[in-house]
Amino acid sequence: MAGVGASGSGGGGDTEMGGGWSELLNTSTKLLEQAAPNGPHFPTLQRNLDQLEVLSTKLKAKTIRAEAPSQSLSATRLLAREGINAEQLTRDLKSFELKTTTFEDVFPSEATSVEEYLQQLHEMAIVSSIQGAQKDNLKSFNNYMMQVFEDDWQKEKRDFLQSLSRLSTLPKRNTNLAGGLSRPALMPSSASSPQASSGLPAMEVMPIPNKTIIENKSSVYAGVVRDLNDARGRSLPFNPATAFRAAYESLSVDAIGSKSVTMQKVWHLIQALLGEGSTQRNISRKMSLVIGARRHLEWGHEKYIIETINSQPALAALGGSVGNLQKICAFLRVRLRDHGVLDFDATDLRRQPPVDTTWQQIYFCLRTGYYDEARQVAQSSRAAYSFAPLLAEWITSNGAVSSETALTASEECEKMLRTGDRPGRPGYDRKKLLLYAIICGCRRQIDRLLKDLPTLFSTIEDFLWFKLSALREYSSASSSSNGVNEGLVPYTLEDLQNYLNKFEPSYYTKSGKDPLVYPYVLLLSIQSLPAILYLSKEVGEEGYHVDAVHISITLADHGILPEGVGSGQKMGVMDACAEAASIIRQYGSIYLRNGNLDLALEYYAQAASAMGGGEVSWIGQGNADQQRQRSSMLKQLLTEILLRDGGIQLLLGPSGMGEEGQLKKYMMDWRSRQQFLLEAAHRCQEAGLYDKSVEIHKRVRAFAMALQTVNKCLSDAICAMAHNRLDGESRAVALIQSGSEILETARYSSEASVQDKDLISEQQIVLRQLQAILHIYKLTRAGQTVEVLRETIKLQFLHLDPQTPNVSVDVFRNLSPHVQACVPDLLKLALNCMDNVRDTDGTLRAVKSKIASLVASNMSRNWPQDLYQKVAQCI
């Protein structure tokens with residue numbers, strides 16, 4: 001019934017609407033007749049059915065809007081008050097489709113208005129979205145954890161297999177090496193490599209399979225360090241940056257990766273900074289580094305241009321041309337493909353004028369390092385005719401243009417900055433502005449340019465190339481002497497460093513995602529020491545801390561570390577060298593701790609070289625302070641090696657003072673070697689390494705000092721026997737044999753002087769006295785008490801013979817301290833033996849009296865208390 005009622009009401013509405021239309025038609029007819037009683041003045045309108053349908057639809061829509069209920073108008077006003085377009089919302093709702101994943105609108109809504117209904121749908125959509133996001137997060141977390149577990153398992157499996165491989169293939173002394181810096185690999189000797197003089201790594205320096213990146217780096221780098229030391233020791237030319245770069249490239253670890261800066265790129269930068277293979281004349285060392293950094297950026301841009309051309313060969317249309325200028329034109333075809341016909345491709349000049357690319361060509365020629373082509377374009381172009389001589393001077397003088405040239409360029413910059421870009425040609429004159437700013441080199445113009453045009457550079461490489469090209473060498477003293485205009489104060493390297501250092505390292509590395517960008521920027525801005533210190537702290541699987549050590553070696557060898565301290569660093573020349581030397585020394589000490597003395601020596605030699613100024617320290621051309629620092633550090637490091645097991649054999653060889661060992665490579669003068677070895681022997685004595693001290697003294701023919709050390713050890717061994725220590729006798733016997741061998745060698749030595757022979761004779765007497773005391777203790781252990789007393793009485797330095805008169809003689813006046821140390825125990829031993837022997841003729845009483853007299857006259861020596869008690873009992 002409800003449905004019928006509704007239908008009926010609808011039909012009644014149509015009937016009423018039909019009556020309304022009829023009345024409207026009659027009314028309009030009457031109005032027409034009244035308006036035109038003499039004839040129709042209105043034009044006749046003819047419409048087809050389709051047009052009538054469209055017009056009626058529009059009329060109906062207007063009628064609906066005009067008859068809109070008050071509620072609709074209120075809703076529209078409410079939406080307008082909130083800043084919502086009601087018509088736009090209506091159109092969006094018509095095409096809006098709400099998809100839910102959790103709830104379905106299968107139940108009748110309890111809302112009484114559209115707002116409540118939409119609110120319910122909104123809440124359900126939010127809940128559905130939250131639950132869907134939770135599911136996605138849980139799924140992503142599970143996938144991530146599974147990936148982590150898989151990576152950890154693969155790493156553990158790889159490490160386990162590598163450990164098995166090392167145990168089966170590597171030498172024993174290298175199997176204890178742990179991860180990180182504690183796993184530098186042992187490399188075979190390559191000192192005789194014919195490639196040493198060219199700076200290329202020897203053929204033996206190859207990456208070893210089944211090893212980590214750190215181990216392979218350590219292996220190939222160690223071979224280069226060995227070649228470097230060999231070349232420096234023989235005064236042969238060697239390019240360490242080139243050799244280290246070739247060694248790193250042999251690892252092929254940068255073949256796949258998404259990082260913008262790789263260690264291979266860093267090594268190329270270092271090679272360019274040092275200028276290996278090129279010569280820079282009439283410029284300071286600092287400007288030479290700046291030019292090297294600029295050359296590296298130009299090399300990188302050339303690679304970028306070639307890659308761009310190869311990516312779109314049809315558009316570049318390079319063809320068979322291989323000239324530098326042709327490459328620039330091909331690159332501009334790709335870069336300016338949306339700007340129309342370029343001037344070098346225009347054939348019909350009567351048509352629309354082509355795009356003038358003069359300044360684009362000059363800029364990109366300079367940016368790519370094609371200086372001759374840039375000068376050629378400037379000289380052949382009418383637009384850059386006045387710029388050509390400025391550019392020629394800048395190229396010829398390596399940027400050090402005259403003040404007149406700088407002023408001319410500065411005025412042109414001022415003019416362009418005032419006028420701005422030309423209408424219809426945005427951006428083209430910016431290259432002209434950049435070129436004049438480079439020639440000008442004025443701090444004020446450069447700062448203003450970057451302030452007015454902050455989006456001028458798309459990459460940090462372009463930005464740094466512009467800054468490096470524009471900066472000048474400048475000081476306040478030179479400005480006052482040359483009368484530099486305040487408006488033309490040059491842009492300096494310190495200005496660039498201060499600007500770059502305003503940003504944190506995370507800004508450059510993208511919070512660690514690209515870790516080498518920050519040290520790369522530091523090296524480009526000639527802040528080599530901060531770059532090394534930053535890399536040395538990057539301990540990870542990539543082994544950047546290993547690279548830092550060898551970058552230090554390279555820069556120190558060229559002696560440029562003092563130039564790369566950076567702005568704001570209060571550090572002297574020796575401080576910078578000491579920082580690098582410390583990094584190298586710490587790395588070499590890892591080899592030392594693991595028993596690899598060969599490589600420890602190589603790195604220690606480089607640490608001392610870094611302290612002395614690099615290559616010049618090997619030939620004695622450094623200043624006096626550097627030579628002194630190098631000598632001091634070298635002696636200290638060599639002593640560390642000498643004190644290790646196998647150190648004497650490595651440094652001194654099988655015999656002599658180093659003529660057959662490695663020491664001669666670092667100390668060519670035999671007097672220097674002799675002095676060093678004597679100091680090292682003294683260090684050995686202080687450290688309790690008496691065997692090494694004796695061996696070193698024997699090598700330098702200091703037989704008296706060797707005997708003195710033997711006597712000291714023999715005295716300690718006899719005292720040990722007196723206290724019933726088991727190792728005393730065997731140790732004493734070995735020392736007696738060692739002393740006899742020294743005496744035998746000294747007897748046939750032709751290098752001993754008369755004074756040395758006198759000293760040897762004194763120590764020989766001491767040795768024989770100690771040998772006699774040792775014999776007494778042997779008799780004691782054999783139970784021969786009478787023989788013990790007889791031999792004790794025979795000792796002439798004690799004056800215990802009862803048949804000799806009592807005389808007041810200080811028996812210790814000329815007695816060696818080593819013998820004196822044995823006297824108290826020897827006297828006590830004699831008294832104990834006399835307790836077990838019968839005194840038939842009063843001899844023993846006389847001996848006891850002499851012992852008591854001896855002890856009484858030496859009360860100040862603080863002998864053991866039990867000796868005094870024993871003497872008191874005997875009396």
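Student: Which runs count as helices and strands here, and how many of each does the protein chain have?
Tutor: Helices are DSSP runs of at least four residues in state H or I, strands are E runs of at least two, and both are numbered from the N terminus. This is a predicted model. By that definition, the protein chain has zero strands and 40 helices.

Student: Happy with that! How are H13 and H14 oriented relative to each other?
Tutor: Let's start with the geometry: the axes of H13 (residues 371–380) and H14 (residues 388–396) come within 9 Å and cross at roughly 165°. Angles over 145 degrees count as roughly antiparallel. H13 and H14 are therefore roughly antiparallel to each other.

Student: Which residues of H14 does H13 meet?
Tutor: On the H13 side, the residues are Tyr-371, Ala-374, Arg-375, Ala-378 and Gln-379. By class, this contact has eight nonpolar, two polar and one charged residues. The H14 residues are Ala-388, Leu-391, Ala-392, Trp-394, Ile-395 and Thr-396.

Student: Nice. Which helix gives the largest share of the largest nonpolar core?
Tutor: That core has 157 residues, and Ile-362, Leu-366, Phe-387 and Tyr-603 touch the most other members. Leaving aside residues up to four places away in sequence, Tyr-603 touches residues including Tyr-221, Val-549, Ile-584 and Tyr-591. The largest share, 11 residues, comes from residues 597–611, helix H26.

Student: How many residues are in the second, separate core?
Tutor: Its members include Cys-719, Leu-770, Leu-789 and Leu-815. For the chain as a whole, buried residues make up 42% of the 875 residues. The second core itself has 55 residues.

Note on methods. Residues are numbered from 1 along each chain as its sequence is written. This is a predicted model: local features need pLDDT of at least 70, side-chain atom pairs count only at pLDDT 80 or more; totals for chains, interfaces and linings use all residues. Side-chain values use heavy atoms; hydrogens and water are left out. Axes are lines fitted to C-alpha atoms, for helices over the stretch in contact, and angles run from 0 to 180 degrees between N-to-C directions. Angles under 35 degrees count as roughly parallel, over 145 as roughly antiparallel, 65 to 115 as roughly perpendicular and the rest as oblique. Contact means heavy atoms within 4.5 Å. Ala, Val, Leu, Ile, Met, Phe, Trp, Tyr, Cys and Pro count as nonpolar, Asp, Glu, Lys and Arg as charged, and the others, Gly among them, as polar. A nonpolar core is a set of buried Ala, Val, Leu, Ile, Met, Phe, Trp, Tyr and Cys residues joined through side-chain atoms within 4.5 Å. Buried means under 20% relative accessible area, exposed over 50%, partly exposed in between (1.4 Å probe, protein chains only).
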